[in-house]
Amino acid sequence: MESKRFAVPRAEDMRALGAAVAGRMHGGEVILLSGPLGAGKTTFAQGFGAGLGIDEPIVSPTFTIARELSGVFADGRPARLIHVDAYRLGGVDYAPGQDSVDRLLDELESLGLDEELEDVDDHAVVLMEWGEQMAAALADERLDIVLERPLGRPDAAHDAALTSGGVRYATITGVGARWEGFLDGLEPR
């Protein structure tokens with residue numbers, strides 16, 4: 001596994017990073033995007049969509065769970081972006097003996113996303129926000145992108161809290177042979 005960490009001071013920089021990553025997609029990829037609320041997941045997804053030439057607005061699909069959008073890869077082939085928000089997946093109501101991974105797989109199957117995630121076709125890319133809790137249940141080969149938000153200064157009465165301003169950081173890790181060399185020369189435009 002190789003990783004690279006980027007400082008991302010502004011929303012435009014987060015979009016540029018998303019576009020740069022999208023420009024390296026070929027189809028069949030699964031990308032898990034994680035981080036706390038307000039870290040920039042949807043902003044990254046907007047840049048990613050722009051990098052695939054998607055004209056439709058990219059918004060968090062929290063209430064629809066998944067949206068499919070049409071674009072093009074850098075080589076001109078048609079691309080489908082499957083933008084998933086897993087925030088509401090993996091509830092706490094388990095059947096006797098059922099573990100969290102089984103529960104998540106059941107939910108993905110009921111939504112018709114299980115096959116899409118297990119065998120992404122050559123014209124699609126899956127970008128899943130809040131995907132960290134599903135890493136064990138998903139593709140063995142994936143791009144993990146972890147976004148960090150700055151902490152405010154702690155005071156005597158409270159621990160440090162997340163702030164809305166400041167530099168964010170994106171750590172991109174390629175998991176599996178498919179991602180070897182992916183990060184070489186990757187820089188936001």
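This note goes through the predicted model point by point, from the overall fold to individual residues and charged pairs.

1. Overall architecture. The secondary structure of this predicted chain comprises four helices and seven strands, and these elements follow one another along the sequence in the pattern β-α-β-α-β-β-α-α-β-β-β. The chain has 189 residues, of which 47% are buried.

2. Contacts and surface. Taking the contacts between residues at least 6 apart in sequence, 69% join residues that are at least 24 apart. The area that the chain exposes comes to about 9500 Å², and carbon and sulfur atoms account for 51% of this area.

3. Helix 2 and its surroundings. Helix 2 spans residues 41-51, and its buried residues are Lys41, Thr43, Phe44, Ala45, Gly47, Phe48 and Gly49. These buried residues of helix 2 pack against one other helical element, helix 1 (11-22), and they also pack against strand 2 (29-34), strand 4 (78-85), strand 5 (124-129) and strand 6 (142-148). Just after helix 2 comes Gly53, which adopts a positive phi of about 70°.

4. Thr173 in strand 7. Thr173 lies in strand 7, which covers residues 168-175. This residue counts as buried because its relative accessibility is 14%, and the cut-off for that class is under 20%. The side chain of Thr173 is joined to the side chain of Ser3 by a polar contact of 2.6 Å. When neighbours within four places in sequence are left aside, the contacts of Thr173 are Met1, Glu2 and Ser3, together with Arg142, Leu143 and Asp144; of the elements named above, strand 6 is the one given as residues 142-148.

5. Gly181 after strand 7. Gly181 belongs to the segment that follows strand 7, and with a relative accessible area of 32% it is classed as partly exposed. Although Gly181 and Glu2 are 179 residues apart along the chain, their C-alpha atoms are separated by 8.3 Å. Not counting residues up to four places away in sequence, Gly181 touches Glu2 and Arg24. Glu2 is also listed among the residues in contact with Thr173.

6. Salt bridges around Arg10. Side chains of opposite charge can pair when their charged atoms come close. The structure holds nine salt bridges, and Arg10, Glu12 and Asp13 are linked in a network of such pairs. Within this network, the side chains of Arg10 and Glu12 meet with an N to O distance of 3.7 Å, while the closest N and O atoms of Arg10 and Asp13 are 3.1 Å apart. Arg10 is partly exposed, having a relative accessible area of 49%, and Glu12 is likewise counted as partly exposed, at 46% relative accessibility.

7. The Asp75 and Arg77 pair. A further salt bridge is formed by Asp75 with Arg77, and the closest N and O atoms of the two residues are 3.0 Å apart. The partners fall into separate accessibility classes: Asp75 counts as exposed, at 51% relative accessibility, whereas Arg77 is partly exposed, with a relative accessible area of 25%. For Asp75 the assignment follows because the exposed class begins over 50%, and the residue stands at 51%.

Conventions: Residues are numbered from 1 along each chain as its sequence is written. This is a predicted model: local features need pLDDT of at least 70, side-chain atom pairs count only at pLDDT 80 or more; totals for chains, interfaces and linings use all residues. Side-chain values use heavy atoms; hydrogens and water are left out. Helices (H or I, at least four residues) and strands (E, at least two) are DSSP runs, numbered from the N terminus. Buried means under 20% relative accessible area, exposed over 50%, partly exposed in between (1.4 Å probe, protein chains only). Contact means heavy atoms within 4.5 Å. Accessible areas come from the Shrake-Rupley method with a 1.4 Å probe; for residues, only the protein chains shown count as cover. A polar contact is a pair of N or O atoms within 3.5 Å; within protein, one must be able to donate a hydrogen and the other to accept it, and residues adjacent in sequence count only if both atoms are side-chain atoms. A salt bridge is a side-chain nitrogen of Lys or Arg within 4 Å of a carboxyl oxygen of Asp or Glu.
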